[in-house]
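Visitor: I am new to this structure. Please show me how to read it.

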Amino acid sequence: MTPVASTPTELNIDQQVAAAVCTGLASTPKTLPPWLFYDEAGSRLFEQITELPEYYLTRTERDILSRHADQIIAHATDSRTYLTPRLRIAELGAGSADKTRILLRAAVEAQGEVLYEPVDVSTTALVVAQSRIEREIPDVRVRPIVGDYTNGFKFEPTAPDERRLVLYIGSSIGNFEPAEAAHLLAKVRAQLRPGDGMLLGVDLVKDEPLLVAAYDDAAGITAAFNKNMLARLNRDLCANFDPHSFAHRAVWNPVNSRMEMHLESNRAQRVRFAALEFEAEFAAGETIHTECSYKYRPGQAEAMLSRAGFEPAANWTDEKGWFAVHLGQVH
Ligand code: AVI
């Protein structure tokens, strides 16, 4: 197992949580950033969300990858310069790398050994993903990169006969504001060379009831995921949120083409953060906006890739046109 180093990101996480709370809860309307969802309990709840009947995103993307993995790998390896370039597969925010195994197997099939570079802030997630992948697909060598892909991580240079395919799947790009998403893609592009590519998974606009159900499931798992942010702040910043006094809200915002998650205070209340000497006051019905999840219309993902300097090369979708996977190449 490759040892993975601890990073400044993990060391200064408490300061980042404190800064996010002081900024977000002092603003109008109140906001908290979605990365606060992903403590240990939140990451477990997210894994449960991905298996919910209403949360179509994960299974739809998995089906697309399963059906088209060989084609995706062939497109990404397609070359005018080298006869058979070797493909390295990197992944931003790899997490458990569950769906990635489909592409890794297809790459092993096409070229034998494959180097896989998962990037994640969570050392634990990387260690788990590495041991699972190396056990299940012995021809994959895993070289984890612990780091925050939104903030200054570095890929190692590839050899002249290699090309890198960067995966950014799971609709994670949708959790960024359009300007931030553009900036992130451009930063990744700046680290790539001609022949390299990016595979981007995006969720598409669909009927409102389907979208709302995906973010407000009958079993209440997404509500628990949203409210877990309050439990996290109680623990990390000695706050005294009563999670029962907040309701989970999931709303479709058609103007901005995004699902939004909010936490709505069901009474007037004051919440104290003992670790910060900070208090936040809530009126009855006041909300904290915790997440945006952008949904794209035809042509928007291609435009986003082009603006970041990628040539949209191919895309794959499901029969219902609910989700799409786009390949952008560097020329
Ligand atoms: C991680 N991300 C793509 C999920 C989404 O659908 O925006 C997070 C999530 N939020 C609520 N359910 C799932």
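Visitor: Which residues come nearest to the ligand?

Guide: A residue counts as near if one of its heavy atoms lies within 4 Å. Of the 14 residues around the ligand, Tyr 55, Asn 175, Tyr 215, Glu 291 and Ser 293 come nearest. This is a predicted model: local features need pLDDT of at least 70, side-chain atom pairs count only at pLDDT 80 or more, and totals for chains, interfaces and linings use all residues. Residues are numbered from 1 along each chain as its sequence is written, and side-chain values use heavy atoms, leaving out hydrogens and water.

Visitor: Which atom of the ligand lies 2.7 Å from a polar side-chain atom of Ser 293?

Guide: A polar contact is a pair of N or O atoms within 3.5 Å. For Ser 293, the partner is an oxygen atom of the ligand. For Glu 291, a side-chain N or O atom is 2.8 Å from a ligand nitrogen. For Asn 175, a side-chain N or O atom is 2.9 Å from a ligand nitrogen.

Visitor: How much of the ligand does the protein bury?

Guide: Areas come from the Shrake-Rupley method with a 1.4 Å probe. Alone, the ligand exposes 340 Å², and the protein buries 97% of that.

Visitor: Why is strand β12 largely enclosed?

Guide: Strands are DSSP runs (E, at least two residues), numbered from the N terminus. Buried means under 20% relative accessible area. Strand β12 (residues 287-294) is largely enclosed by the rest of the structure because 7 of its 8 residues are buried.

Visitor: How many bridges join strand β9 to β12?

Guide: Two strands pair if DSSP finds at least two bridges between them. Strand β9 (residues 258-265) pairs with β12 over 7 bridges, antiparallel. His 262 has His 289 of β12 as its bridge partner.

Conventions. Buried < 20%, exposed > 50% of the residue type's maximum accessible area, 1.4 Å probe, protein only. Helix = DSSP H or I, 4+ residues; strand = E, 2+ residues; numbered from the N terminus. Polar contact = N/O pair within 3.5 Å; in protein donor to acceptor, adjacent residues only side chain to side chain.
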